[in-house]
Amino acid sequence: MANNSPALTGNSQPQHAAAAAAQQQQQCGGGGATKPAVSGKQGNVLPLWGNEKTMNLNPMILTNILSSPYFKVQLYELKTYHEVVDEIYFKVTHVEPWEKGSRKTAGQTGMCGGVRGVGTGGIVSTAFCLLYKLFTLKLTRKQVMGLITHTDSPYIRALGFMYIRYTQPPTDLWDWFESFLDDEEFFTL
């Protein structure tokens, strides 16, 4: 498959930048943005911000995901976006990085890792394994919009927002999150 991105071919890069600027100006001036501004690339392709191998995850969380039997065996079998969304619907019960009760934090005080949530680790949560699985699929803009507007489960939406938070440029976060700030749906962290 040939890669025809402007950065690699050298063709029409200024046109893409101008089109992105025009689209962002139209979205901002047109009575409120309904879709996130396009940053860097056009259309359905999402840019990845930060480390393209680690998804900007904490190294301990990433290590535990990659060594998790759930990620290595069960999630390896899932090949499509829809299969992963179904897995989120049936398996995710909270969106914390560690399974409840799997971390030893007794006796830790102050600014130690236990307080910050990344200390001695534990069993990485299903949610974070699925979040990284989504990352391996290299989601499109349409797929991410499908996650954050999904009506069947608040956890599907939560993982969509976490995906955005870990993979999108910080300058684009407001455009993604703004219309969802007044959402009152409850779920277990």
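**Helix 7 and its surroundings in a predicted model**

In this predicted model, the cover over the buried residues of helix 7 includes helix 3 (59–67), helix 4 (69–74), helix 5, helix 8 (141–148) and helix 9.

Reader: How many of the eleven residues of helix 7 are buried?
Author: Helix 7 spans residues 126–136 and is largely enclosed by the rest of the structure. The buried residues include Lys133 as well as Phe128, Leu131 and Phe135. Of the eleven residues, the number buried is ten.

Reader: Which residue with a positive phi follows helix 7?
Author: The phi in question is near 50°. The residue that has this phi and follows helix 7 is Lys138.

Reader: At what angle do helix 5 and helix 9 pack, and is helix 5 oblique or perpendicular to helix 9?
Author: Helix 5 covers residues 81–91 and helix 9 covers residues 154–167, with axes 8 Å apart and an angle of about 120°. Angles of 65 to 115 degrees would count as roughly perpendicular. The angle therefore makes helix 5 oblique to helix 9.

Reader: What classes of residue make the contact of helix 5 with helix 9?
Author: Helix 5 contributes Val85, Ile88 and Tyr89, and helix 9 contributes Tyr155, Ile156 and Leu159. No polar and no charged residues take part, and the contact has six residues that are nonpolar.

Reader: Where in the protein chain is confidence highest, and where lowest?
Author: The mean pLDDT of the chain is 77, with 66% of residues at 70 or more. Over residues 1–34 pLDDT stays under 50, and over residues 37–41 it is also below 50. Confidence is highest in helix 5, at 98, and lowest, at a mean of 38, in helix 1 (residues 6–9).

Key. Residues numbered from 1 in each chain as written. Predicted model: local features only at pLDDT ≥ 70, side-chain atom pairs only at ≥ 80, totals over all residues. Heavy atoms only, no water. Axes fitted to C-alpha atoms, helices over the stretch in contact; angles between N-to-C directions. Helix = DSSP H or I, 4+ residues; strand = E, 2+ residues; numbered from the N terminus. Parallel < 35°, antiparallel > 145°, perpendicular 65-115°, else oblique. Contact = heavy atoms within 4.5 Å. Nonpolar A, V, L, I, M, F, W, Y, C, P; charged D, E, K, R; others polar. Buried < 20%, exposed > 50% of the residue type's maximum accessible area, 1.4 Å probe, protein only. pLDDT = per-residue confidence, 0-100.
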